[in-house]
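Me: Please take a close look at how the helices pack here. Which ones meet, at what angle, and through which residues?

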Amino acid sequence: MTLQHDADVVQYLMMEKTDLKALTREEIEAFMKGAGLPQFRTRQLIHWIYERLARSIEGITEFSKQMRDDLSEEAYISNLDLIERQTSTDGTEKYLFGLEDGETIESVLISEDDRLTLCISTQVGCALGCVFCQTGRLGLKRSLRPHEIVDQVIAVNRLMLPARVTNIVMMGMGEPLANAEAVIEALWRMTKLLQIPPRRITVSTAGIVPGIRLLGENAPPVNLAISLNATTDSVRNALMPINKTYPIRKIIEACKAFPLQTRRRIMFEYVLLNGVNDTLEDAKRLRRLLQGIPAKINLIPFNPCEGSEFDRPDEKRVLEFQKILMDADILTMVRKSKGQDILAACGQLQAKYDTMSDSCF
Ligand code: SAH
Ligand code: SF4
């Protein structure tokens, strides 16, 4: 490799250094051991990255100057770059973060009473191409690495000091279970290193069946949300092409097999599209489909985005739809949009706000 420009040299040096934030606890331990440092230094380092939110090795003042200099020769701590922060009149905040390779992702924070729920991204874009979704239109640029998923929480914690994010929903850009390995590792880091209880974390999926299984087997006991959005395969195939691979019946089977903690329920998200999936027959079919599953439903009247071919049903229809489900004793919420003024350009982001506050028990 020939280095021709200063920028290349900087890039090269960065590549050579270890990003401490990208490591698992075990890898940090091995790294510190390799640097001749005793075990308690690992604990301190983790404390400074995840609790004290240190931006750099230089900022870890519990380490001597010499130790920081030595560590900095070999390692660094990466940080998301906060490119933009928008605050809505209702207090909802949206952040645009830059990644080390220049890609960008969005996260959204909803405050409600003493609950701070952060909606995070798991991919840059999404490959699944659901026809009503803004992110789907972008296509997939790349999946996020575990630390890029977790760092959204660290970055927002820093902005909220002394408060902390209390709840997490993976309903931002991307399909979490199309990036299952990284998402599961990120979930472990959130629960073990950031100490967020698993019951306050929700993973939302368009229904990638093997991913649901992996999540149930390998992740901490977080909540599962399924974006169902239709009650027949023909409608769902048209809205969510992934349904051709994993049809409704398979998703329902995977939900029945999903290990649920006592008193917890699977959340079913249902984006209501006027004249497409909002008939009272749909509500009855939905009721039947969920029989035997500890379920709750989030009805999300569609948030129109620019150039979209859909719109939302009127309020009367939404309430009739809800009543059929409530009469069958299924807890059914209708979500109101939050942060509409700052999110007007992005229907998808609005949708996740809608669902987030209730997805976290
Ligand atoms: N890929 C995952 C998580 C991100 S999408 C999933 O599909 O579950 C988060 C939620 O936003 C999904 O339930 C999706 O159906 C919904 N959604 C997407 N675009 C929307 C829109 N324009 N209006 C309302 N909800 C939308
Ligand atoms: Fe991807 Fe979810 Fe949007 Fe479908 S709804 S395109 S799975 S982000």
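Reply: The helix pairs come first, then a few local points.

This is a predicted model, in which local features need pLDDT of at least 70, side-chain atom pairs count only at pLDDT 80 or more, and totals for chains, interfaces and linings use all residues. Residues are numbered from 1 along each chain as its sequence is written, chains are lettered from A and ligands numbered from 1 in the order in which they are written, and side-chain values use heavy atoms, without hydrogens or water.

Two packed helices are described by the angle between their axes and the distance between the axes. Axes are lines fitted to C-alpha atoms, for helices over the stretch in contact, and angles run from 0 to 180 degrees between N-to-C directions. Helices (H or I, at least four residues) and strands (E, at least two) are DSSP runs, numbered from the N terminus.

Start with helix 7, residues 180–192. Helix 6 (residues 146–160) packs on helix 7 at about 40°, with the axes 8 Å apart. The two are therefore oblique. Angles under 35 degrees count as roughly parallel, over 145 as roughly antiparallel, 65 to 115 as roughly perpendicular and the rest as oblique. The crossing of helix 6 and helix 7 is right-handed; that is, the near helix is turned clockwise from the far one by less than a right angle, and anticlockwise would be left-handed. Helix 6 brings P146, H147, I149, V150 and V153 to the contact (heavy atoms within 4.5 Å). Helix 7 answers with A182, V183, E185, A186, R189 and M190. By class, that gives eight nonpolar, one polar and two charged residues. Here Ala, Val, Leu, Ile, Met, Phe, Trp, Tyr, Cys and Pro count as nonpolar, Asp, Glu, Lys and Arg as charged, and the others, Gly among them, as polar.

Helix 7 also meets helix 8 (residues 209–218): the axes come within 10 Å and cross at roughly 25°. That makes helix 7 roughly parallel to helix 8. This crossing is right-handed too. A180, I184, L187 and W188 of helix 7 touch L214, L215 and N218 of helix 8. Six of these residues are nonpolar, one is polar and none is charged.

Next, helix 11 (residues 280–289) and helix 12. Their axes lie 9 Å apart, at an angle of about 25°. The pair is therefore roughly parallel, and the crossing is right-handed. From helix 11 come L280, D282, A283, K284, L286 and R287; from helix 12, R317, E320, F321, I324 and L325. The split is six nonpolar, no polar and five charged.

F321 has a further partner. The whole structure holds three aromatic pairs (rings of Phe, Tyr and Trp, its six-membered ring, with centres within 6.5 Å; planes under 30 degrees apart are stacked, over 60 edge-to-face, the rest tilted). One of them joins Y270 and F321: tilted, 5.4 Å centre to centre, 40° between the planes. Y270 sits in strand 12 (residues 266–272) and F321 in helix 12 (residues 315–327), 51 residues apart, so the pair links distant parts of the chain.

Back to helix 6. The loop between helix 6 and strand 9 (167–170) holds P162. The L161 to P162 peptide bond is cis, with omega near 5°.

Another loop, between strand 5 (104–112) and strand 6 (115–119), holds D113. D113 is not a glycine, yet its phi is positive, about 50°.
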